[in-house]
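Please open the structure in your viewer and keep the selection panel at hand. The tour below goes from one selection to the next and says what is to be found at each stop.

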Amino acid sequence: MPIFPKISLRVEVENYLKEGFMNKEIVSALGKQEAERKFETLLNNLSHPPSFTTVRVNSHLASVQHVKNLLFDELQKQFNGLSVPILQHPDLQDVLLIPVIGPRKNINKKQCEAIVGAQCGNAVLRGAHVYVPGIVSASKFMKAGDVVSVYSDIKGKCKKGAKEFDGTKVFLGNGISEVSRKEIFSGLPELKGIGVRMTEPVYLSPSFDNVLSSYLFLQNLPSAVVTHVLDPQPGERILDLCAAPGGKTTHIAALMHDQGEVIALDKISNKVKKIKQNALLLGLNSIRAFCFDGTKALKLDRIKDTEGEPPFLPESFDRILLDAPCSGMGQRPNMACSWTLKEVTSYQPLQRKLFTVAVKLLKPGGVLVYSTCTITLAENEEQVAWALTEFPCLQLQPQEPQIGGKGMMGAGLSFEQLKQLQRFDPSVVPLQDMDIESLRDASVDMIRLANKDCIGFFIAKFVKCKSTQEKEPSK
């Protein structure tokens, strides 16, 4: 049962999404009532966290069993001896699943309150503590050591530094303040550490702040599936075209046993720094990260590149991952999105530019995987339909492992083509109430639940059947 309101969207955006999810093909197949029910379920589920926290083991540095044992000890400490199982995914051997306990409905709200921004609130629902920069307002009498109730200002209406807030706010749980109100809003150089240490969150998930950071990477389940679908092999040259923050880049290098070359591009320098930090932390040497605009990654002149830096010569990569910039409408939890329709629909042209570059950089026989963390038809199945028409050299491929559902109808793709796509759809299963008792219930298929109750995500896999280079005219 939902405990939070459904995701708050602008009317124009909700209508746009509804048109996609209630297109003629879907309504014809499911009936109007069922299509409408699924859409409403989707909006409800997006505002709640998935049922599992997913972590990927850095198999380059340690065995999965060793890391699982270390993680078990860590969770015992964090959860005060509460025994929460850690499951190894049967189809993704380097992925561990930790059930999220909640929603916990018997938490007593306190008089002392801290209001946090929506983004901070989303992180708290996934196991994070509250960091000082995320605190928007606090009760006038709040001191360090006080037990405080934490609320999310989901509509962004609370004034920074307010002493009380009566607008729309969602209860996230209780914690202990590490700093006083005076310290937070004193105007002195901004504090950056933990502001409230969560002790009774509505959803109990482990915190991964500085926890086993060389061995574990916090990653949503579909994000780990993508790299397995790409199936990188030792010795190959692979391009991650939009790579930040580096989760998939480092996964590619680990699956290749750090043998070969992984090129990671992102156009924002701080994000590139983060990729390099993650590669160093995880002990991976095959990664080269560059601050570069992926739309300009194709070298237009034929002069041989010497250093292997961008831009690159055509057909110089064995495999390419295009985890494209997108509207991010599949992220969970997300209680409110203030974007305009123009913003939500602005990504399709950019995705097509990047896709075109990727096709030209891919060797004949090479594999291109396209993915997004959004739910819109325009950024997913419509892009596949466009790509297959625009690039006759591409062929859609079945995916392994196939964990998500088939693609969504409405873009003119055949049933066989839809079966070759993977769409992770948060509306597929009802919201779960998970407690220790239900974890012991053998009738609950935990792996199936983890596969279904995750973020909204999309994956398509193509193979390039022939060269796209123009042949030199014969003399």
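## Strands 8, 9 and 10

In this predicted model, begin by selecting strand 8 (residues 147-153) together with strand 9, which pair in the antiparallel sense over six bridges. To find one of these bridges, pick valine 148 and look across to strand 9, where its bridge partner is glycine 175.

Keep strand 9 (residues 170-177) selected and show the surrounding structure: seven of its eight residues are buried, so strand 9 is largely enclosed by the rest of the structure.

Now add strand 10 (residues 194-201), which runs antiparallel to strand 9 and is joined to strand 9 by five bridges. A bridge to look for here is the one in which isoleucine 176 has arginine 197 of strand 10 as its partner.

## The six-stranded sheet

Widen the selection to the open sheet formed by six strands in the order 6-10-9-8-5-7, in which the pairing is mixed. Which strands stand at the edges of this sheet? They are strand 6 (130-131) and strand 7 (135-138), each of which pairs on one side only. For strand 6 the pairing is with strand 10, in the antiparallel sense and over two bridges, and selecting tyrosine 131 shows that residue opposite isoleucine 194 in strand 10.

## The four-stranded sheet and helix 4

Move next to the other open sheet, whose four strands have the order 3-4-2-11 with antiparallel pairing. At its edges stand strand 3 (87-88) and strand 11 (216-218), each with a single partner strand, so one side of each is left without a neighbour in the sheet.

Select strand 3 with strand 4 (residues 95-99), and you will find the two paired in the antiparallel sense over two bridges, with glutamine 88 opposite leucine 96 in strand 4. Then bring in helix 4 (residues 64-78), which lies across strand 2 (52-57), strand 3, strand 4 and strand 11, and runs at about 25° to strand 4.

## Helix 1 against helix 3

For the first of two helix pairs on this tour, select helix 1 (residues 11-21) and helix 3 (residues 32-46), which pack at an angle of about 135° with their axes 10 Å apart. That angle makes helix 1 oblique to helix 3, and the crossing of the two is right-handed.

Showing side chains here brings up Glu14, Leu17, Lys18 and Phe21 in helix 1, which meet Ala35, Glu36, Phe39, Glu40, Leu42 and Leu43 in helix 3. Sorted by class, the residues of this contact are six nonpolar and four charged, with no polar ones.

## Helix 7 against helix 8

As a last stop, select helix 7 (residues 221-230) and helix 8 (residues 247-255), whose axes lie 10 Å apart and which pack at an angle of about 40°. Helix 7 and helix 8 are therefore oblique to each other, and their crossing is right-handed.

Which residues make this contact? From helix 7 they are Ser223, Ala224, Val226, Thr227, His228 and Leu230, and from helix 8 they are Lys248, His251, Ile252 and Leu255. Colouring the contact of helix 7 with helix 8 by class should give five nonpolar residues, four polar and one charged.

Methods: Residues numbered from 1 in each chain as written. Predicted model: local features only at pLDDT ≥ 70, side-chain atom pairs only at ≥ 80, totals over all residues. Heavy atoms only, no water. Axes fitted to C-alpha atoms, helices over the stretch in contact; angles between N-to-C directions. Parallel < 35°, antiparallel > 145°, perpendicular 65-115°, else oblique. Left-handed = near helix turned anticlockwise from the far one by under 90°. Contact = heavy atoms within 4.5 Å. Nonpolar A, V, L, I, M, F, W, Y, C, P; charged D, E, K, R; others polar. Pairing = 2+ DSSP bridges. Buried < 20%, exposed > 50% of the residue type's maximum accessible area, 1.4 Å probe, protein only.
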